[in-house]
Amino acid sequence: MSRSSSRAPAALAGGLDPWLLAGLLALAAIGLAILYGASGGNADLVLRQAARFGLGVALMLVAARLPPGLLLSWTPWLYGGAVVLLVLVALLGEGRGAHRWLDLGVVRFQPSEVAKLALPMMLAWVLHGQPLPPRWPVLIMLAVLIAVPTLLIGQQPDLGTAVLVAASGAFVVFLAGLSWRWIIAAGALAVAAAPVLWYFMHDYQRNRVRTFLDPESDPLGQGWNIIQSKIAVGSGGLHGKGWMSGTQSQLDFLPEHTTDFVFAVFAEEFGFVGVVAMLALYGFIIGRTLVIAGAARHTYGRLLAGSIALTFGIYVLINGAMVAGLLPVVGVPMPLVSYGGTSAVTLLLGFGLVLSVHRHHRQSMPGGGL
């Protein structure tokens, strides 16, 4: 392939990375098709999700054209704003049994989604221009920056989102060159702290863990979701039952079949082959994002893009393991497939930041951080 022909896809994409863009748009289109089937042909629901994708893609394209230097200068303000919004949620938030949303009159949104982007951006801002791997005083500062939004989200309570936000920050520290010795020590500390976490968990969260360990103890109550999900995944077999032919979802045995458990519907209808193909598409998006991160010439872009790639992977891992009964149900959606607006828009905006890193990778970065 000649150099001019290899540049053609990039030119068609307006200077953006065509492979990442194509992967994301393909995943969004597949997600809409799965949603249409899982909802029993509910066109209104699919159109609402398509409108959210349209908003997310528009924000992604705007973010892709912002130079990383400008993002760098905005980062502390964005992080501070996210923390203020989380405090407002604690004081004024609303929701069913949990305070996770802010109603601004014209729009109702979940500020914890803002923290998913603001936290890795803030840690990358701190590390930009610092010698790597970071030293003790910087590591303590990073730990505090991770703990503040994580604890605010955890008390809403929203354990799944708190885990994702903490993971997005931890990935930045990992990519900054933290030694495996410290990573293993942190993992051991987390395991040792499990009894303390159990003490502070709400009753419904403890019930989810108990149900995960023994779903058959309450098959018509707490265990219903996970039992039906495992039946759906297993009954798909090698090739699946066909689009809109899954009995678990179409006959309403499987709860939440358009949101948290939509991947179980996909596994039932498209089988093992479909699941492997879907995971390959996710892997392609993650791999392409890591390539962009590796090509970045500045620490800020490298850490930010790498963290977004790995956090996206954690979404897939947690949701996939959840519907297969390998992890407790924690309310983490399958990215760009589960029905939901705030999460999809935030994810696409995050990939807009990645596309910005790629589009401006030849530009020098101003000094920043500490």
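**Aromatic pairs and a long-span helix check**

Okay, so searching the whole structure turns up 6 aromatic pairs. One of them is F263 with F266, a stacked pair with 5.9 Å from centre to centre and 15° between the planes. Keep in mind as we go that this is a predicted model.

Where do those two sit? Both F263 and F266 belong to helix α13, which covers residues 262–295, and they are 3 residues apart, about one turn of the helix. An α-helix has 3.6 residues a turn, so residues three or four places apart point the same way. As for exposure, F263 and F266 are each buried. And there's a third ring to mention here: F263, F266 and F270 are linked by ring pairs into a cluster.

Now for another pair, F312 and F351. This one is edge-to-face, at 5.1 Å centre to centre with 85° between the planes. Here the pair links distant parts of the chain, with F312 in helix α14 and F351 in helix α15, residues 341–359; the two are 39 residues apart. F312 and F351 are both buried as well.

Let's stay with α14 for a moment. How many of its 25 residues are buried? The count is 22 of the 25, so α14 is largely enclosed by the rest of the structure.

What about its length? Helix α14 runs over residues 299–323, and at 1.5 Å a residue its 25 residues should span 36 Å. The C-alpha atoms at its ends are 36 Å apart, so the expected span and the model agree.

Last thing: just after α14 comes G325, which takes a positive phi of about 80°. That's my tour, thanks.

Key. Residues numbered from 1 in each chain as written. Predicted model: local features only at pLDDT ≥ 70, side-chain atom pairs only at ≥ 80, totals over all residues. Heavy atoms only, no water. Helix = DSSP H or I, 4+ residues; strand = E, 2+ residues; numbered from the N terminus. Expected span 1.5 Å × (residues − 1). Buried < 20%, exposed > 50% of the residue type's maximum accessible area, 1.4 Å probe, protein only. Phe/Tyr/Trp six-rings, centres within 6.5 Å; stacked < 30°, edge-to-face > 60°.
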